[in-house]
Amino acid sequence: MKTKIFSLLAALAVLTGLSACHSNSINIGPDGPGTGTASMRSMAVEVNNAENVISRAEVDLSDFIVQIFSADGQKVKQWRYAEMPEIFELPVGDYKVHVYSHEVQKAEWDHPYFVGDKEFSIATDEITEIGVVTCKLSNIKVTIRYSDELKKYMGDDCRVTVIANDEGRLVYEPAETRAGYFAAVEGSSTLVAEFKGTVGGYTETLRHTANDLAAGQHRIITFKLKNPNPSVDENGNIILEDIGIDYDVVDEDLNENVTVVEPTLPDDDRPGGEPDPGPGPDDPTPPTPESTIKITSDDVDFDAVNPIKNNVLIKIDAPEGIEHLQVSITTTNDNFSSAVSEFIPMSFDLAYPGDYNEAYLGFGFPTGNNVIGATHIDFDISQFVPLLGSFPGTHNFQISVTDAKSKQLIKTLTFNVAQ
């Protein structure tokens with residue numbers, strides 16, 4: 001294990017020099033088992049947004065990112081789509097081309113996130129045509145609509161607040177016609193849509209919660225009057241007994257429409273009946289029980305900027321058992337970001353390491369079954385932190401722990417390296 005760690009450190013030091021020269025790929029030496037040629041001349045990208053397929057003639061692919069990965073998960077090439085070469089050489093072996101539209105955000109208007117992969121093989125002295133890569137919608141599209149009957153009685157203060165993936169949040173005003181797009185985050189599949197505002201002179205609040213979100217869905221939520229033909233008084237106002245809103249939900253996925261049947265809230269769950277004890281207008285998510293998770297360290301201070309240290313042990317306690325141990329690294333030093341990205345992602349979940357398991361173990365990180373269900377973990381980052389000393393700037397490590405009851409604790413560890 002120590003040999004593997006030192007090998008990783010040595011390679012990272014070499015990458016520092018490469019990053020300073022603005023390289024965006026690994027130079028592959030000639031000592032492999034022969035080489036072949038990959039041809040991008042026939043490569044095309046089709047974008048499937050789960051409702052139709054868009055050819056590259058209909059969408060600007062210029063800024064899409066094209067990456068080539070080897071069979072062991074190592075990134076060996078990267079370009080913008082507009083700048084990728086027609087042909088290039090690779091050692092003989094199996095590869096994957098990975099194409100994505102942009103760096104996905106927690107929530108954004110009218111900005112679908114597309115991702116596509118295709119495997120290919122390189123044979124000695126042969127030309128391999130990449131062909132067509134189909135990119136599919138990989139975040140969650142949410143459209144809010146209102147029935148014509150409801151629109152007649154809605155006040156200007158009506159709003160729908162949508163929260164997904166714990167952090168993504170968009171507020172839909174009455175005239176909003178854009179679709180919202182929310183990141184599909186592993187381990188977070190809940191969406192909350194809260195309608196609040198004046199309807200027919202009365203304040204109405206209705207909350208829809210969904211727990212089955214998945215990438216590629218288009219969730220259409222239509223708010224409507226419970227009674228489409230309400231009774232009115234002599235002044236033309238809806239009488240209190242007939243006021244109330246409801247909703248319909250349609251989930252479009254892979255060109256198939258699935259109507260999600262939601263329970264109708266009883267009258268006591270809306271204004272006009274008994275008061276709704278739910279959260280206020282600034283907090284549309286249900287209250288979360290106090291977390292029993294603890295993230296502590298005797299070596300560093302989570303509430304201060306820390307100098308580089310050789311020994312950094314993070315202690316994680318989660319009495320309910322850990323479900324996710326997510327780490328997100330941000331930095332002001334682009335060279336550090338480029339170098340680290342050659343080994344591991346800048347954001348990852350150690351509970352589900354995937355193809356990067358060996359790299360995480362090389363740095364001494366716990367992974368997989370050593371994380372899932374554990375009530376205590378010594379998260380030792382002593383192999384990783386000293387690397388920061390060669391990269392001036394500020395480096396943040398956000399540690400997020402989620403337990404088996406969906407309680408979550410997030411803490412950020414900050415290091416600063418002087419110029």
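**Buried cysteines and a three-stranded sheet**

Cysteine 158 has a relative accessibility of 1% and is therefore classed as buried. Cysteine 135 is likewise buried, its relative accessible area being 0%. The number of disulfides in the structure is 0, a disulfide being a covalent bond that joins the sulfur atoms of two cysteines. The model is a predicted one.

The protein comprises 419 residues, of which 44% are buried. Its secondary structure consists of 28 strands and 4 helices. Among contacts with a separation of 6 or more, 64% link residues that lie 24 or more positions apart. The accessible surface of the protein amounts to about 20900 Å², and carbon and sulfur atoms contribute 47% of that area.

One part of the fold is an open sheet of 3 strands, arranged in the order β21-β23-β26 with antiparallel pairing. The edges are occupied by β21 (294-296) and β26 (376-380); each has a single partner strand, so one side of each is left without a neighbour in the sheet. From one strand to the next, the twist averages 15°. In general, the strands of a sheet pair through backbone hydrogen bonds, in either a parallel or an antiparallel sense.

Within this sheet, strand β23, which spans residues 313-317, pairs with β26 over 5 bridges in the antiparallel sense. Leucine 313 has aspartate 380 of β26 as its bridge partner.

Definitions and conventions
Residues numbered from 1 in each chain as written. Predicted model: local features only at pLDDT ≥ 70, side-chain atom pairs only at ≥ 80, totals over all residues. Heavy atoms only, no water. Pairing = 2+ DSSP bridges. Helix = DSSP H or I, 4+ residues; strand = E, 2+ residues; numbered from the N terminus. Axes fitted to C-alpha atoms, helices over the stretch in contact; angles between N-to-C directions. Buried < 20%, exposed > 50% of the residue type's maximum accessible area, 1.4 Å probe, protein only. Contact = heavy atoms within 4.5 Å. Areas by Shrake-Rupley, 256 points an atom, 1.4 Å probe, with all protein chains shown as cover. Disulfide = S-S within 2.5 Å.
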